[in-house]
Amino acid sequence: MSTLYTMFSSLAPGLRAMEAGTTLRSTSPPYMDLVGEVLERSADGRVQRVSLAHYYEQNGDLMADPEMEFRVVHPSTSGPGMLVPLHYKQDGLGIFRPTHGPGVVYPKQLKEQVKFTRFWLRNLKSQGHRLNRGTVPNS
């Protein structure tokens, strides 16, 4: 999962310093915009919970297509950086698949989401996405 961390950090440089509530955006026409949000940050800044999503509007509601939530563990002297998928959501299809529950890990879901994350991050890079604070378009 350290490879996923490296891929994710190149998509969202400076993520480690960002506080909870920070919103990131990437615009790379003709592809769907990409939105990232720092949902939580540990006191020491080493661990964050982050959401990454594409959205479309349907009947006035924003629909995730898809949205994934991750635990980001930044590198330190005690270990390498890691990106751990926590869930996958696809609103239009009514899909919500967590990788963890209270005191349990769902290994099949975790394995599938690691594989999808690798695929998705590669696609986002090839599409020219790079997350910036606010609504700054990519150049």
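Trainee: Let me start with a detail: which residue in β5 is the bridge partner of Arg 71?

Mentor: Good place to begin. Keep in mind that this is a predicted model. For a bridge, look across from one strand to its neighbour: here Arg 71 has Val 84 of β5 as its bridge partner. That pair belongs to a longer ladder, since β4 and β5 run antiparallel and are joined by seven bridges.

Trainee: And which strand does β5 pair with in the antiparallel sense over four bridges?

Mentor: That is β6: residues 82–90 make up β5, residues 95–98 make up β6, and the two are antiparallel with four bridges. You can check the register with two pairs. Tyr 88 faces Arg 97 of β6, and Gln 90 faces Ile 95 of β6.

Trainee: How many residues lie between β5 and β6 in their hairpin?

Mentor: Four residues separate them, and in that turn Gly 94 has a positive phi of about 70°.

Trainee: Where else should I look for a positive phi, this time in a residue that is not a glycine?

Mentor: Go to Asn 59, where phi is positive at about 50°. Asn 59 sits in the loop between β3 and β4. With a relative accessibility of 76%, Asn 59 is exposed. Gly 60 belongs to the loop between β3 (47–58) and β4 (61–73), and is exposed too, at 57% relative accessible area.

Trainee: Let's step back. How do I read the whole sheet, and in what order do the seven strands come?

Mentor: Walk from one edge to the other, naming each strand as you cross it. The open sheet runs β6-β5-β4-β3-β2-β1-β9, with antiparallel pairing. At the edges are β6 and β9 (132–133), each of which pairs on one side only.

Trainee: How many bridges hold β9 to β1?

Mentor: Two bridges do that, between β9 and β1 (residues 23–26), and the strands run antiparallel. Within this pairing, Leu 24 is opposite Arg 133 of β9.

Trainee: What do side chains do along a regular strand?

Mentor: In a regular strand they alternate between the two faces of the sheet. Back in this model, look at how enclosed a strand is as well. In β5, seven of the nine residues are buried, so the rest of the structure largely encloses this strand.

Trainee: Where do the helices come in the order of elements along the sequence?

Mentor: Read the elements from the start of the chain: the pattern is α-β-β-β-β-β-β-β-β-α-β. That gives two helices and nine strands. The radius of gyration is 15 Å, close to the 14 Å from the globule rule for 139 residues, so the chain is as compact as a globular protein of that length. The C-alpha trace spans about 45 × 35 × 25 Å along its principal axes.

Trainee: Is Thr 117 buried or exposed?

Mentor: Start with its element: Thr 117 is part of helix α2 (residues 107–126). Thr 117 has a relative accessible area of 1%, so it is buried, the cut-off being under 20%. Next, ask what covers it. Leaving aside residues up to four places away in sequence, Thr 117 touches Leu 4, Met 68, Phe 70, Leu 83 and Pro 85.

Trainee: And how much of the chain as a whole is buried?

Mentor: Of its 139 residues, 39% count as buried. The chain exposes about 7800 Å², with 54% of that supplied by carbon and sulfur atoms. For contacts between residues at least 6 apart in sequence, 50% join residues at least 24 apart.

Trainee: Which peptide bonds should I inspect for a cis geometry, starting with the loop between β1 and β2?

Mentor: Check omega. Pro 29 and Pro 30 are joined by a cis peptide bond with omega about 10°, and Pro 30 lies in the loop between β1 and β2. Another cis bond leads from Asp 65 to Pro 66, with omega near -10°; Pro 66 is in strand β4.

Trainee: What about Ser 28: is it buried or exposed?

Mentor: Ser 28 occupies the loop between β1 and β2 (34–41) and is buried, at 9% relative accessible area. As a last exercise, take a distance: the C-alpha atoms of Ser 28 and Gly 60 are 23 Å apart, with 32 residues of separation along the chain.

Definitions and conventions
Residues are numbered from 1 along each chain as its sequence is written. This is a predicted model: local features need pLDDT of at least 70, side-chain atom pairs count only at pLDDT 80 or more; totals for chains, interfaces and linings use all residues. Side-chain values use heavy atoms; hydrogens and water are left out. The radius of gyration is taken over C-alpha atoms; the globule rule is 2.2 Å times the number of residues to the power 0.38. Buried means under 20% relative accessible area, exposed over 50%, partly exposed in between (1.4 Å probe, protein chains only). Contact means heavy atoms within 4.5 Å. Accessible areas come from the Shrake-Rupley method with a 1.4 Å probe; for residues, only the protein chains shown count as cover. Two strands pair if DSSP finds at least two bridges between them.
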